[in-house]
Amino acid sequence: MKRLVFLLSLFLPCFLHAEDPKPLVINLWEKGAPGFESLRDEPEVLTGTSVTHVNNPSITVFPAPADKANGSAILIVPGGGHSKLGFGGEGIEPAKLLNSLGVTCFILKHRLPREKGSPYNLDIHPRQDGQRAMRVIRTRAAEWNLDPKRIGILGFSAGGEVVAMVVYSPTAGDPAATDPIDRASSRADFQISIYPGPLGVPAGPIPADSPPAFFLVANDDTSHVKPILDQLAQYETAKLPVEVHLYSKGGHGFGMGARSKLSSIKTWTQRMTDWLSDSGFLSKSDGK
């Protein structure tokens with residue numbers, strides 16, 4: 001825990017105000033990830049605001065300000081091709097925006113199967129970490145006064161693939177589990193996926209209880225358009241609520257849009273805000 005907080009303190013000042021407290025970091029498993037407990041004390045590596053060598057998966061907590069908190073929460077999954085995590089631009093930046101809307105955020109650090117020398121499996125461990133993170137949030141929802149019916153998930157690029165892995169997998173907890181966290185549901189009550197890759201998207205029908213979805217991508221981000229169109233078709237077939245924004249230009253990896261020269265990309269986050277509001281996720285809740 002001390003190592004994780006120290007690592008974050010190296011670059012969080014770039015994104016946080018001086019008066020903001022250091023965010024709480026919660027390891028997903030007390031003794032380390034199952035089967036890899038011996039790696040839990042391996043140090044993470046920071047390059048710029050990107051993190052690699054994640055062996056002790058965690059969530060970093062960004063509570064909404066008390067005067068704005070509405071009870072909604074979002075697990076944020078940064079992109080990085082499963083070889084790194086863009087923790088700054090696709091983690092902290094969206095968390096700060098969502099905090100301003102009253103949404104409590106949790107940024108996921110999951111294991112990275114495509115990092116050189118990684119012992120992790122692409123089909124297993126990001127999904128396992130995402131599911132576990134949702135369960136941790138649900139079991140501690142009262143701690144942050146969260147509405148258990150308004151806990152969503154947001155991912156960018158490879159993070160969008162983790163979103164799909166979590167959303168379209170069975171979500172029920174194991175009532176016989178010795179760990180109470182594993183008894184909780186990993187269900188996301190809504191999903192937001194920004195220029196996702198194809199991993200995790202079912203080839204066939206999506207589950208009938210798939211949550212409301214918001215998808216966004218630029219049309220010139222060619223390899224990332226199809227995953228959204230595929231999911232759109234599946235949502236339409238299932239007659240489930242979905243909203244899609246397909247911009248003509250913008251490329252890949254524009255994050256929260258500030259770095260783009262395109263007006264539409266610079267303001268894309270307003271489309272997400274509108275959707276969250278129209279869907280009822282920004283209204284006040286008593287957390288019950």
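This is a guided tour of a predicted model, stop by stop.

Local features are taken at pLDDT of at least 70 and side-chain atom pairs at pLDDT 80 or more, while totals for chains, interfaces and linings use all residues. Residues are numbered from 1 along each chain as its sequence is written, and side-chain values use heavy atoms, with hydrogens and water left out.

**Stop 1: strand β6**

Select residues 104–109, strand β6 (strands are DSSP E runs of at least two residues, helices H or I runs of at least four, numbered from the N terminus). The rest of the structure largely encloses β6, because 6 of its 6 residues are buried. Buried means under 20% relative accessible area, exposed over 50%, and partly exposed in between, with a 1.4 Å probe and protein chains only. Turn the strand over. T104, F106 and L108 are buried on one side; C105, I107 and K109 are buried on the other.

Now add the partners. Two strands pair if DSSP finds at least two bridges between them. Strand β4 (residues 58–62) pairs with β6 in the antiparallel sense, over 5 bridges. Look for S58 opposite K109. β5 runs parallel to β6, joined by 4 bridges. A73 has T104 as its bridge partner there.

**Stop 2: K109 and its surroundings**

Stay on K109 and show side chains. K109 lies over the face of F87, 5.2 Å from the ring centre. The criterion is NZ of Lys or CZ of Arg within 6 Å of the ring centre and within 35 degrees of the ring normal. The K109 side chain also makes a polar contact of 2.8 Å with that of E44. Such a contact is a pair of N or O atoms within 3.5 Å; within protein, one must be able to donate a hydrogen and the other to accept it, and residues adjacent in sequence count only if both atoms are side-chain atoms. Find E44 in the loop between β1 (24–27) and β2 (45–47). E44 is buried, with a relative accessible area of 10%.

**Stop 3: W268 and the aromatic rings**

Select W268 next. Its relative accessible area is 0%, so W268 is buried. Beyond four places in sequence, W268 is in contact (heavy atoms within 4.5 Å) with residues including F156, I194, L216 and Y247.

The structure holds 10 aromatic pairs. Rings of Phe, Tyr and Trp (its six-membered ring) pair if their centres lie within 6.5 Å; planes under 30 degrees apart count as stacked, over 60 as edge-to-face and the rest as tilted. F156 and W268 are edge-to-face, with centres 6.5 Å apart and planes at 75°. F156 sits in strand β7 and W268 in helix α7 (residues 268–278), 112 residues apart. F156, like its partner, is buried at 0%. Add Y195 and F254 to complete one aromatic cluster with these two.

Then pick W275 and F281. This pair is tilted: 5.9 Å centre to centre, 45° between the planes. Both residues are buried.

**Stop 4: helix α4**

Select residues 158–167. This is helix α4, with 10 of its 10 residues buried. Its cover includes β5 (73–77), α3 (125–139), β7 (151–156) and β8 (191–194).

**Stop 5: P207**

Finish in the loop between β8 and β9 (213–218), where P207 is found. P207 is partly exposed, at 27% relative accessible area. Leaving out residues up to four places away in sequence, P207 touches Y168 and L240. S169 is 38 residues from P207 in sequence, yet 8.3 Å away in space, C-alpha to C-alpha.
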